[in-house]
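This report describes how the parts of a two-chain model meet, and which charged side chains pair within and between those parts.

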Amino acid sequence: MATQKTLAATGNVLVAEAMRQCAPDVMAAYPITPQTTIVEEFAKFVAQGRVHTEYVTVESEHSAMSACVGASAAGARVMTATSSQGLALMWEELHIASGMRLPIVMANANRALSAPINIHCDHSDVMGARDTGWIILFAETAQEAYDNTIMSVRIAEHPDVLLPVMTTLDGFITTHSIDRAQVMDDETVAAFVGDYHPDLALLDDTKPPVSHGNFAGLGGPYFEFKKAQRNAIDRSAAVIKSVGEEWSAICERPFGVIEGWGMEDAELAIVAIGSTAGNARHVARELRAQGVRVGVLKVRVFRPFPFAEIADALGGCKAVAVLDRSESFGAEGGPLFLEVRSALYDRAERPAIVDYIYGLGGADVKLELMRRVFSDLSDIADGAEVPGRLVYLGAR
Amino acid sequence: MTTGTSDDVHEIRWHGRGGQGAVTAAKILADAAFHSGFAGVTSQPSFGAERRGAPITASSRLAHEPIRVLSQVTEPDIVVVLDDSLVEVAHTAAGMKPGGTLIVNTTKDAAQLVAAGGIGGAVRVVTSDVTGAAEAVGLIVGGQPMVSTAILGAFARATGLITMDAVEAAIGHVFTGTAGAKNVEAARIAFECTTAGGAHQ
């Protein structure tokens, strides 16, 4: 029987708790602000004997992901966590993990990239890894970060998927804020994630020997491996939904790859990922009380991107604002904007759409900024010109 | 501009110096508020380059509904200052809502603080010798009195939003045994020595 306890804790503490409950065989990690307290808490669990994980301390994130790749190929359930420059340092191994189809689960505390140096929240690090073949989840709250971590194990290890999952939460805003959350009992989580029995483990001497990641040069199967990877991440969309429904039935919290607020009849909508969705919803609620038909669409899964769901949700809107907490310098907008706009391309009826780059390097997402976005959308819906495709929201 | 959160939300801003425990205090407050019946509690630090002695802030929100706004508090109902040398230099009263409460760890009284400058408008000033409370029970670490728990006694007295029972329970979640008992005792002393510029019971 599933029992939950309610507590006040930070996002990082809850991610570490979820990791302990999922009981990885191996964790290889290197500390970096604002991820540090995840691996610190987890190391404490190992020291206390509360989880039986081989905890590998390494000299860099490059080594952390290398150790994760080795351990996962050997047949272990593997987890790690990183942030910002650490994620950037892992870049080549990120491709190796997905190319070798290793179901590693990694938490990322979303943080800006240097230069100039900055330790605060934005999504530049994750978006830099958007094409590495990892499944990418975003959490708005500490609760979602906890739930996503548990679901990630099932998604990654699903035989239709076998891909690494990056489960992300906003640096400081979600990692370090105390928030109210519910934590499931250990037995229920253990039963939900189950044991990991890989088919092609290097160290499984009960089966014919295998090797991973071999040379597949000219004339070799490299191209077909990539096609198989594409098919796997496409298949993961259905797995994410079914795992989400299953966890949702146990914990009694809703899960959707997108989550709409007021979207049923919204004329003006904000699309956001991560913690900002809460601020946008707060202002949307105020405007609804004044009779303005506004909505907020939160995207919880960025890879695979839920194109059809997003196009359906936004199809009836007059004007849409996409909030991007990262840049794609030289592109026609930030990463989220490019996806959302592309999702709407096939629709006969398309809303006006504008991109707002906001909150880079942790710039505070004040409610007045959300009000300004809805006010712009109202003007656009009334026929005002779209203020350029890309607005730097709140920049001095 | 208003921060726009509703009247039912108590917005709190913390001011301290790096190493004083403002972030710890904010965390324990969130726990105590949760145990005092608030359904929505958040506390978030505002980190710069963390270093000892540098002025830092943290934000907390308490409400009877879940809170999903995680921006920094800029128009607080309550401001808590762990070091009275910050009252003016850190603009601790900036943006305070009229009728707001400014709680200061100090040996001065409210009139002296107001006379020293930096506090304008219709703000209720509450003082408490929190450092003295920590020293009285021997809460000294590395030569510094630890005020992060005792300040919650002053907070409970000054605002009435959280009970001392909840403060004591929340402290117990962070410190156990002798250390827990000392921290609780310091919070009790601070509660007792908290006095408002205008009488507050």
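Domain bounds here come from an automatic or database domain assignment. On that basis, chain A of this predicted model is split into domain 1, covering 4-198 + 219-251, and domain 2, covering 258-392. The C-alpha centres of domain 1 of chain A and domain 2 of chain A are 27 Å apart.

**The two domains of chain A**

The contact between the domains involves 28 residues of domain 1 of chain A and 24 residues of domain 2 of chain A. Together, domain 1 and domain 2 of chain A bury about 2000 Å², with 53% of that area on carbon and sulfur atoms. Six salt bridges are found across this interface of domain 1 and domain 2 of chain A, and 15 residue pairs are in polar contact there, both residues at pLDDT 80 or more. On the side of domain 1 of chain A that touches domain 2 of chain A, at least two residues each come from helix H6 (124-128), strand S6 (135-138), helix H7 (142-157) and helix H9 (222-251) of chain A. H9(A) supplies the largest share of that side, five residues. By class, the side of domain 1 of chain A that touches domain 2 of chain A has 14 nonpolar, seven polar and seven charged residues.

Helix H6 of chain A includes A:Ser124. Leaving aside residues up to four places away in sequence, A:Ser124 touches A:Leu113, A:Arg325 and A:Ser326. The side chain of A:Ser124 also makes a polar contact with the side chain of A:Asp122, at 2.7 Å.

**Chain B against chain A**

Chain B brings 25 residues to its contact with chain A, and chain A brings 27 residues. About 2000 Å² is buried between chain B and chain A, 59% of it given by carbon and sulfur atoms. Two salt bridges are counted between chain B and chain A, along with four residue pairs in polar contact, both residues at pLDDT 80 or more. Helix H1 (22-35) and strand S2 (40-46) of chain B are the elements that give two or more residues to the side of chain B that touches chain A. S2(B) gives the most to that side, with five residues. The side of chain B that touches chain A divides into 10 nonpolar, 11 polar and four charged residues.

**Salt bridges**

Over all chains, the structure holds 34 salt bridges. Several are listed below.

| Pair | Closest N to O distance |
|---|---|
| A:Glu140 and A:Arg281 | 2.7 Å |
| B:Arg68 and A:Glu140 | 3.6 Å |
| A:Lys298 and A:Glu144 | 2.5 Å |
| A:Arg300 and A:Glu259 | 2.7 Å |
| B:Arg61 and B:Glu11 | 2.7 Å |

A:Lys298 forms its salt bridge with A:Glu144; A:Lys298 is in strand S11 (residues 294-299) and A:Glu144 in helix H7 of chain A, 154 residues apart. A:Lys298 has a relative accessibility of 3%, so it counts as buried. A:Glu144, at 10% relative accessibility, counts as buried too.

A:Arg300 pairs with A:Glu259 in a salt bridge. A:Arg300 sits in the loop between S11 and strand S12 (301-303) of chain A, and A:Glu259 in strand S9 (residues 258-261) of chain A, 41 residues apart. A:Arg300 is buried at 3% relative accessible area, whereas A:Glu259 is partly exposed at 22%.

Within chain B, B:Arg61 and B:Glu11 meet in a salt bridge. B:Arg61 is in strand S3 (residues 55-63) and B:Glu11 in strand S1 (residues 10-17) of chain B, so their pairing ties together parts 50 residues apart in sequence. B:Arg61 and B:Glu11 are both buried.

A network of salt bridges links A:Glu140, A:Glu144, A:Asp179, A:Glu259, A:Arg281, A:Lys298, A:Arg300 and B:Arg68.

Definitions and conventions
Residues numbered from 1 in each chain as written. Chains lettered and ligands numbered in written order. Predicted model: local features only at pLDDT ≥ 70, side-chain atom pairs only at ≥ 80, totals over all residues. Heavy atoms only, no water. Contact = heavy atoms within 4.5 Å. Buried area = accessible area lost by both parts, 1.4 Å probe. Salt bridge = Lys/Arg side-chain N within 4 Å of Asp/Glu carboxyl O. Polar contact = N/O pair within 3.5 Å; in protein donor to acceptor, adjacent residues only side chain to side chain. Helix = DSSP H or I, 4+ residues; strand = E, 2+ residues; numbered from the N terminus. Nonpolar A, V, L, I, M, F, W, Y, C, P; charged D, E, K, R; others polar. Buried < 20%, exposed > 50% of the residue type's maximum accessible area, 1.4 Å probe, protein only.
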